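Got the viewer open? Let's take a short walk through this one, selecting a few residues and strands as we go.

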Amino acid sequence: TAVFLRSSTTSDVQVDIRLSSIRVGGAPWTIQCTPRRVEAALCEVTGNALAEAPHPAGEELRFMLASFDQAGERIMEGGAVIEASLNGVQLWEFNDPNEPTQHGDPFTLDIDVHDSGDGTYHGAFAC
């Protein structure tokens, strides 16, 4: 049976192994435990929100991010701060012959991201 130590900061831990109350193998040892951090470059994102095909207005688009640590190991717990947003230009058309027919207003909309608690994060939005 394994015992897991979860810490959000680096900490020194003493390992003490005994047989009939007698330390064995040079015990105790001090080891350093460092928290697993999500490595953005190694995360995997899937879902229909990634499809480049045109999406009709009102279609719900979803994505799922699976988190990985700096060693490429899948993280199986939540707690990372994941942010997502929509960024684009809202086009407006005018029928004025003296003005260009389209004008654009830039926009940014935040997307709510749900932490599933298992190292995956989900978001959804509509076009």
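Is Asp69 buried or exposed? Select Asp69 and have a look, keeping in mind that this is a predicted model. With a relative accessible area of 7%, Asp69 is buried, because anything under 20% falls in that class. You'll find Asp69 in the loop between β6 (60–66) and β7 (84–93).

Now show the side chain of Asp69 along with the backbone nearby. The side chain reaches the backbone nitrogen of Ala71 at 2.9 Å, and one of its polar atoms lies 2.9 Å from the backbone nitrogen of Glu73. Next, bring up the contacts of Asp69 beyond four places in sequence: Arg36, Arg37, Glu39, Leu42 and Ile75.

From the loop, step back to strand β6 and colour its partners. Strand β5 (residues 44–46) runs antiparallel to β6, joined by three bridges. Pick Thr46 and you'll see Met64 of β6 as its bridge partner. Strand β10 (residues 120–126) also pairs with β6 in the antiparallel sense, over seven bridges. For one spot along that pairing, select Leu61, which stands opposite Phe125 in β10.

Last stop: Thr120, in strand β10. Thr120 counts as buried, at 7% relative accessibility. Display its side chain together with that of His122, and a polar contact of 3.4 Å joins the two. Then look around Thr120, skipping neighbours within four places in sequence: Met64, Leu65 and Ala66 are in contact with it, as are Arg74, His114 and Asp115. Met64 is a residue you've already met, as the partner of Thr46.

Conventions
Residues are numbered from 1 along each chain as its sequence is written. This is a predicted model: local features need pLDDT of at least 70, side-chain atom pairs count only at pLDDT 80 or more; totals for chains, interfaces and linings use all residues. Side-chain values use heavy atoms; hydrogens and water are left out. Helices (H or I, at least four residues) and strands (E, at least two) are DSSP runs, numbered from the N terminus. Buried means under 20% relative accessible area, exposed over 50%, partly exposed in between (1.4 Å probe, protein chains only). A polar contact is a pair of N or O atoms within 3.5 Å; within protein, one must be able to donate a hydrogen and the other to accept it, and residues adjacent in sequence count only if both atoms are side-chain atoms. Contact means heavy atoms within 4.5 Å. Two strands pair if DSSP finds at least two bridges between them.
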